[in-house]
Structures are given as structure tokens and as C-alpha cells.
Amino acid sequence: MTHSARFDLTGQLALVTGASRGIGAALARGLAEAGADVVLAARSHEALEEVAAQVRALGRVATVLVLDVSDSISIDALFSQLAARGLAPTILVNNAGTEQVSPSLAVTESLWDRIVDTNLKGAFFVAQGFARLLAGRPGSIVNLCSLSSEVGIPTAAAYTSSKSGLAGMTRALAAEWAHLGIRVNGLGPGYFETEMTAGFYADSGWRSAMLARLPMRRFGELDDLVGATVFLAAPASAYVTGQVLYVDGGYLASI
Ligand SMILES: NC(=O)c1ccc[n+]([C@@H]2O[C@H](COP(=O)([O-])OP(=O)(O)OC[C@H]3O[C@@H](n4cnc5c(N)ncnc54)[C@H](OP(=O)(O)O)[C@@H]3O)[C@@H](O)[C@H]2O)c1
């Protein structure tokens, strides 16, 4: 295999959840640049159509499907629609996620359920639907983990629990599905400026403390996540499964 073929996704179809903005939209564009056609899924139809136009401008096919990953009926409907249209993704980027910081003493059951149902339960049932639709063909799953898959973040107990669980789920599914030819890995972003992290980035004290904490002394750009995602999706990582690849400017490597 040539060097470029190892990273070539031509002929593959990628399903990206949470593709309406932020990291998911950037990864959808990045996978398209590597040659993949893309199914874009999230709750906001209009925003998905904007990302779809960007994918089409790269010469790839983009399909938009509305999905609420916290609702198993919505997940079932997504896979029924894919099957009905003859669309069979070989790459899944389980990116849809949510967070709302709260002191743990104030966390309600509904807040806990919204975060864990979106980030963990939703990711599992989307992975299950994807694996069923593969029906024996090889595939690659990339789960969006987090620094909190490894370390505890104060005022983010539900989020930390969901992302630690997602790293564990990545290993469990990797071990269970390797013999089916399905690889399951995680991508662990450090801090990236999106709607989810806007509150942190608006705080100049947080920004300067975090920059001092980061060995690379800079925040990540969304483009920094694309190479690692393409690698995990592509033949280049054919013997890699059950791993979380952190793209964090060295955060987890340093005290
Ligand atoms: N930004 C960071 O620094 C960072 C760091 C580590 C990990 N992450 C992870 O990266 C992923 C993307 O985060 P982001 O920073 O890009 O956040 P974001 O800008 O808030 O985007 C979140 C995406 O998830 C979708 N989403 C949320 N709830 C959903 C649901 N119930 N069903 C379907 N889609 C849903 C949103 O679309 P709709 O609202 O249209 O549904 C949106 O497309 C998340 O899993 C997050 O935990 C982010």
C-alpha cells in the first residue's frame, strides 16, 4: 500500500453525529477532504445543511439526517432511513455531546440524565446501530472522548463520568468486535473553542491559567483534530483498536 493510500478514504461513507457545528462539523469536512462521503446527523436541520454545502463544495456527497442521540427511537429511525436509502457507512464518528457545568451539590437528576444519555448511552446505541448495518463488513468507530476520560474536572461530574465511561466502552467494544473487523478507538481533544467551551474562553483568567498549564502554550485549532481522526478512520491504523488518542497540546503528559 502506498503512503497516500493509507490515509485515503475514497469510496467510504462516514456517519458523523453532532455534525451541525464545532468539532463535528470540522471532522466532517476533514473526512471529506480525505475522500469520504459523509452523512451528517444532529438535531438542527438548518445548521446541518450549511455543513453539507461545505462538504459538497469539496466534491463529496453529503446527506443530512436529523438525529437526537439521547432518544433511542430517533436512533432507530436514523438507521432505518440509512438502510432504506441504501446508505451503509463504514466509518462512525460518535461526536454528539453536551455539557453544562454545575457544582455537584446542585446537580439534578434531569441534568445528569441529559448529559449521560447524550454522551454515553447515545454513543453506545449509535455504535450498535452502525455495527448492525455493517452486517459483517469492516468498519471503524471514533468516539469523542475528553481530558475528563482520564482526569476529574470539578463541576463536571456527569460529563466526566460520561467521558470516562465512553473510554471504557471504547475498550469493551474494541475487544468484542475486533473479530468482526470493526475497530473502535477514541479521540480525546484537549481544549478547543466551540459553543460548548465558550463560557471558559470568555473568561480571561481561565484562558491565561490554561495557557500556562498547556506545555504547547496554545489552544487547539479545530484543524488539529482532523489528522488524528483521518488516521483512526483509515487503513493507516488497521492494527489499532481500543485506544484513545489525545490531541491536547501535551496537557495529560504534564503536571
Ligand atoms: N470543545 C472541546 O474542547 C471538547 C473537548 C473534549 C471533548 N469534546 C467533545 O467533542 C464533541 C463535540 O463538542 P463541541 O465542542 O464541538 O461542542 P458543540 O459545539 O456544543 O457541538 C455539539 C454537537 O453535538 C450535537 N448534539 C448535542 N446534543 C445532541 C443530541 N441529543 N443529539 C444529536 N446531536 C446532539 C450538537 O448539534 P445539535 O444541537 O444540532 O443537535 C452539535 O453539533 C462532544 O462530544 C464533546 O464532549 C469537546
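**Asn119 and its surroundings**

I would like to begin with a single residue, Asn119, which is buried, with a relative accessible area of 1%. Please keep in mind throughout that what you see on the screen is a predicted model. Asn119 belongs to helix 5, the helix that runs over residues 109–134.

What does the side chain of Asn119 have around it? Turning to its polar partners, a polar atom of that side chain lies 2.8 Å from the backbone nitrogen of Thr98, and the side chain also makes a polar contact, at 3.2 Å, with the side chain of Ser162. If we leave aside residues up to four places away in sequence, Asn119 touches Ala96, Gly97 and Thr98, and, further along the chain, Tyr159, Ser162, Lys163 and Leu166.

Let me now step back to the chain as a whole, which contains nine helices and seven strands. Its radius of gyration is 17 Å, close to the 18 Å that the globule rule gives for 255 residues, so the chain is as compact as a globular protein of that length. The C-alpha trace spans about 50 × 40 × 35 Å along its principal axes.

Asn119 is buried, and buried residues make up 49% of the 255 residues in the chain. Among the contacts with a separation of 6 or more, 72% are between residues 24 or more positions apart.

As for the outside, the accessible surface comes to about 11600 Å², and carbon and sulfur atoms account for 56% of that surface. Finally, the chain carries 18 positive and 22 negative charges, and the mean positions of these two sets are 5 Å apart.

Technical notes. Residues numbered from 1 in each chain as written. Predicted model: local features only at pLDDT ≥ 70, side-chain atom pairs only at ≥ 80, totals over all residues. Heavy atoms only, no water. Helix = DSSP H or I, 4+ residues; strand = E, 2+ residues; numbered from the N terminus. Buried < 20%, exposed > 50% of the residue type's maximum accessible area, 1.4 Å probe, protein only. Polar contact = N/O pair within 3.5 Å; in protein donor to acceptor, adjacent residues only side chain to side chain. Contact = heavy atoms within 4.5 Å. Rg over C-alpha atoms; globule rule 2.2 N^0.38 Å. Areas by Shrake-Rupley, 256 points an atom, 1.4 Å probe, with all protein chains shown as cover. Lys, Arg positive; Asp, Glu negative; His and termini not counted. Charge placed at Lys NZ, Arg CZ, Asp CG, Glu CD.
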